[in-house]
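Colleague: I have a few "how do you know" questions about this fold. Can we go through them with the structure on screen?

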Amino acid sequence: MTPSTNQRTVILAGATGLVGQEILKGLLHDDTVAAVHVLGRRKPAQQHPKLTAHIVDFAALPELPQAHEVYLALGTTIQVAGSQNAFRAIDCDANLAVAQAALAAGAKKLGLVSAMGADAASKIFYSQVKGELEDALAKLPFEGMVIARPSMLVGQRDQLGQPVRSGEVLAFKLSQCLGWLIPANYKPVAATAVAQALLSTVPSAQRAVVLLSGALQKQAPAPR
């Protein structure tokens, strides 16, 4: 059964990440959102009357609350995960499990934080896994799906207790010096812009939409 459409109920996985925290902020500030159910291995720092945190095992998810939408922002690196298998378990398997559980809970719309170059046929493992997830999600019967494919992300990872990614730092410095030479889809993009793109497009999505990094650049910062 789908929940009442007077106000939206949303499921979010990955709320403690760089983009996920911005999605959460936007949802909590949105008057059309009645409740936000966050799934994770630890609780987000925010506290809010609309927010319910669920500590879960993504390999054995419980039945989820009824919802209208689901946002997938789980992600890591092979260095942090420790192995390719551990990376795949988070970036592909966990996100897919949440999508399937949210669909069973009535969710009709889905938003995904993916990455530029996502392609199941890629020879780059990171891009291959991102592509495999996108392909698996495309087979699920959501009414609307928005996939954001950002390039290098700009944000304060250290403030989240996350290791700083040297590639992102280098890309940001290069964009400051040589930005006019870098194609729009490969310029670093603010995590707030990625979040706002999803927040503004997912609720009304009627089909599968892919937002490349150049399009994400044009988004205003997510509301705070």
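Modeller: Sure. This is a predicted model, and its seven-stranded open sheet has the order S3-S2-S1-S4-S5-S6-S9, with parallel pairing.

Colleague: What makes S3 and S9 the edge strands?

Modeller: Strand S3 (51-55) and strand S9 (208-212) each pair on one side only. From one strand to the next, the twist averages 15°.

Colleague: How do you know that S1 and S2 are paired?

Modeller: Pairing takes at least two bridges. Strand S1 (residues 8-13) and strand S2 (residues 33-40) run parallel and are joined by six bridges, so they count as a pair. Within that pairing, Leu12 stands opposite Val38 in S2.

Colleague: What lies across S4, S5 and S6?

Modeller: Helix H4 (residues 125-138) does, crossing strand S4 (69-72), strand S5 (109-113) and strand S6 (144-149). Its direction is at about 175° to S5. Helix H6 (residues 191-201) also packs on the sheet, with S4, S5, S6 and S9 as the strands it touches. The angle between the directions of H6 and S6 is about 165°.

Colleague: How do you know that the length of H4 agrees with its number of residues?

Modeller: At 1.5 Å a residue, its 14 residues should span 20 Å. The C-alpha atoms at its ends are 20 Å apart, so the two values agree.

Colleague: Which parts of the model do the buried residues of H4 pack against?

Modeller: They pack against S4, helix H2 (78-81), H3, S5 and S6. The buried residues of H4 include Phe125, Val129, Lys130, Leu133 and Leu137.

Colleague: Lys130 is on that list. What does its side chain contact?

Modeller: It makes a polar contact with the side chain of Asp91, at 2.7 Å. Asp91 is found in helix H3 (residues 84-104).

Colleague: Why is Asp91 called buried?

Modeller: Buried means under 20% relative accessible area. Asp91 has 1% relative accessibility, so it counts as buried. Its side chain also reaches the backbone nitrogen of Thr76, at 2.9 Å. Leaving aside neighbours within four places in sequence, Asp91 is in contact with Gly75, Thr76, Val129, Lys130 and Leu133.

Colleague: And Glu132, which is found in helix H4: why is it called partly exposed?

Modeller: Partly exposed sits between the 20% limit for buried and the 50% limit for exposed. Glu132 has a relative accessible area of 24%, so partly exposed is the right label.

Colleague: What makes the pair of Glu132 and Arg88 a polar contact?

Modeller: The cut-off is 3.5 Å between N or O atoms. The side chains of Glu132 and Arg88 come to 2.3 Å, so the pair counts. Not counting residues up to four places away in sequence, Glu132 touches Arg88, Cys92 and Ala120. The C-alpha atoms of Glu132 and Ala120 are separated by 4.8 Å, although these residues are 12 apart along the chain.

Colleague: Now the whole protein. How many helices and strands does it have, and what share of its residues count as buried?

Modeller: There are seven helices and nine strands, and 50% of the 224 residues count as buried. Of the contacts with a separation of 6 or more, 71% come from residues 24 or more positions apart.

Colleague: What is the mean pLDDT?

Modeller: The mean is 86, and 80% of the residues reach 70 or more. Over residues 220-224, though, the pLDDT is below 50. That stretch has 17 contacts in the model beyond near neighbours in sequence. Where pLDDT is low, the predicted coordinates should not be read in detail.

Methods. Residues are numbered from 1 along each chain as its sequence is written. Side-chain values use heavy atoms; hydrogens and water are left out. Helices (H or I, at least four residues) and strands (E, at least two) are DSSP runs, numbered from the N terminus. Axes are lines fitted to C-alpha atoms, for helices over the stretch in contact, and angles run from 0 to 180 degrees between N-to-C directions. Contact means heavy atoms within 4.5 Å. pLDDT is the predictor's confidence in each residue, from 0 to 100. Buried means under 20% relative accessible area, exposed over 50%, partly exposed in between (1.4 Å probe, protein chains only). A polar contact is a pair of N or O atoms within 3.5 Å; within protein, one must be able to donate a hydrogen and the other to accept it, and residues adjacent in sequence count only if both atoms are side-chain atoms. The expected span of a helix is 1.5 Å times one less than its number of residues.
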